[in-house]
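Dear colleague,

Please find the structure below for your review. A summary of what was found in it follows.

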Amino acid sequence: MTDINVAVIGAGVVGLAVARTLAQAGHSVVVLEAANAYGTGVSARNSEVIHAGLYYEPGSLKASLCLRGRELLYAYCQARAIAHHRCGKLLVATREEDRPKLAAIAARAAACGVDDLQFLSGDEARALEPALACVAALWSPSSGIVDSHGLMTQLLADAEAAGASLAVASPFAGARSEGRAWRLRSGGAEPFEMSTGWIVNCAGLGAQGAARLMEGFDAARIPPLHLAKGHYFSLAARAPFRHLVYPTPVDGGLGVHLTLDLGGQARFGPDVEWLPEGATPETLDYRVDAARQAGFEADIRRYWPGLPAGALQPDYSGVRPKLSGPGQPARDFHIAGPREHGCEGVVQLFGIESPGLTASLAIAEHVAAILPPP
Ligand SMILES: Cc1cc2nc3c(=O)[nH]c(=O)nc-3n(C[C@H](O)[C@H](O)[C@H](O)COP(=O)(O)OP(=O)(O)OC[C@H]3O[C@@H](n4cnc5c(N)ncnc54)[C@H](O)[C@@H]3O)c2cc1C
């Protein structure tokens with residue numbers, strides 16, 4: 001007998017979605033969160049875009065979980081009155097030489113099952129967004145935005161209604177295997193121990209660190225973490241856009257794009273700043289250096305020449321937990337259970353960068369399928 005069936009490490013959007021799905025399936029679940037509140041990690045520092053699934057390798061987890069997750073997410077937001085807006089997105093080619101990139105993205109998206117993209121001429125794109133400068137665009141009607149905090153609040157409410165509990169200020173401090181169970185220690189001001197059948201590691205930027213604290217888990221199976229910071233600038237004035245606008249992607253990110261919040265306010269970002277090897281999740285500096293403004297203005301004016309001078313102001317930043325470094329090919333989500341890593345009673349989630357918010361409900365389904373029924 002164990003105290004609980006499942007301990008989930010991390011109360012970001014993924015940990016909360018996993019806790020909800022497992023609790024609703026009948027598992028007894030405790031979520032351990034190091035911070036004083038849920039949803040203060042990567043899930044609080046992103047673009048809040050519901051991705052349609054345009055960018056990912058066919059057959060990858062990112063591709064399948066993004067598509068499935070997006071449908072689950074729209075349905076969940078609708079059913080639970082979570083603020084969201086299926087506003088659509090324009091992916092733009094600003095130079096003739098970018099056209100082939102649009103075609104490549106469309107072909108890859110089609111191979112992943114995205115079947116609603118539409119090629120637009122520059123004029124057709126401008127009919128949707130008159131302030132836009134581009135030679136061609138891809139229109140994605142299934143892209144949207146979501147209130148990520150509202151989503152997490154509802155996920156937690158559902159998880160708790162199904163019997164799960166959340167322990168905040170309770171950093172996972174280690175676990176050792178005891179036959180068919182784990183003895184788990186939580187640190188913080190009020191440390192405790194408990195036995196659990198399963199540990200699901202949803203610690204985001206802290207996932208590698210948490211995995212290293214599991215005695216008996218083969219350290220060679222923990223992929224290296226690469227950190228890529230992304231900064232955002234907000235627009236002081238009202239934006240002349242009603243849809244999301246993305247340039248073609250860059251190494252490590254999707255390019256400085258325009259996202260709208262649910263109040264219609266525009267922000268631009270994130271750029272990509274690879275943090276030096278040796279940077280750790282504990283030493284992150286989330287400040288946004290105003291000196292980046294000139295680079296942002298240059299990027300934005302490629303698709304919005306009318307951006308007024310001095311209209312941007314530093315906003316917030318986020319850090320991507322990546323499994324590939326600068327110049328390396330993008331890596332897939334790494335979600336592994338005992339069949340993959342050989343360690344009983346553990347599911348590890350590494351590299352849950354974008355589109356992790358979109359995919360969260362599908363990731364939860366995927367994790368639930370790894371565990372035996374309660
Ligand atoms: C700049 C940026 C833009 C993005 N834009 C989008 C987007 O538009 N759309 C999209 O779909 N995705 C986007 N993403 C990705 C998305 O935000 C993440 O995939 C998602 O939020 C990850 O959620 P998580 O629960 O895995 O991580 P987190 O939200 O970071 O949650 C992990 C939690 O674990 C806790 N933790 C860490 N270590 C421990 C420990 N030892 N013990 C207990 N708790 C611990 C942390 O405090 C944290 O609360 C973006 C990401 C970034 C960085």
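How many positive and negative side chains does the chain have, and how far apart do the centres of the two sets lie? The chain has 31 positive and 37 negative side chains, and the two centres lie 2 Å apart. Lys and Arg count as positive and Asp and Glu as negative, while His and the chain ends are left uncounted; each charge is placed at NZ of Lys, CZ of Arg, CG of Asp or CD of Glu.

This is a predicted model, in which local features need pLDDT of at least 70, side-chain atom pairs count only at pLDDT 80 or more, and totals for chains, interfaces and linings use all residues. Residues are numbered from 1 along each chain as its sequence is written, and side-chain values use heavy atoms, without hydrogens and water.

The chain contains nine helices and 20 strands (DSSP runs, H or I of at least four residues and E of at least two, numbered from the N terminus). The C-alpha atoms fill a box of roughly 65 × 40 × 35 Å along the principal axes.

Of the 374 residues, 54% are buried (under 20% relative accessible area, with a 1.4 Å probe and protein chains only). In strand S18 (residues 312-322), eight of the eleven residues are buried. S18 pairs with strand S13 (residues 226-235) in the antiparallel sense over nine bridges, where pairing requires at least two DSSP bridges. Phe 233 stands opposite Pro 314 in S18.

Yours sincerely

Notes. Buried < 20%, exposed > 50% of the residue type's maximum accessible area, 1.4 Å probe, protein only.
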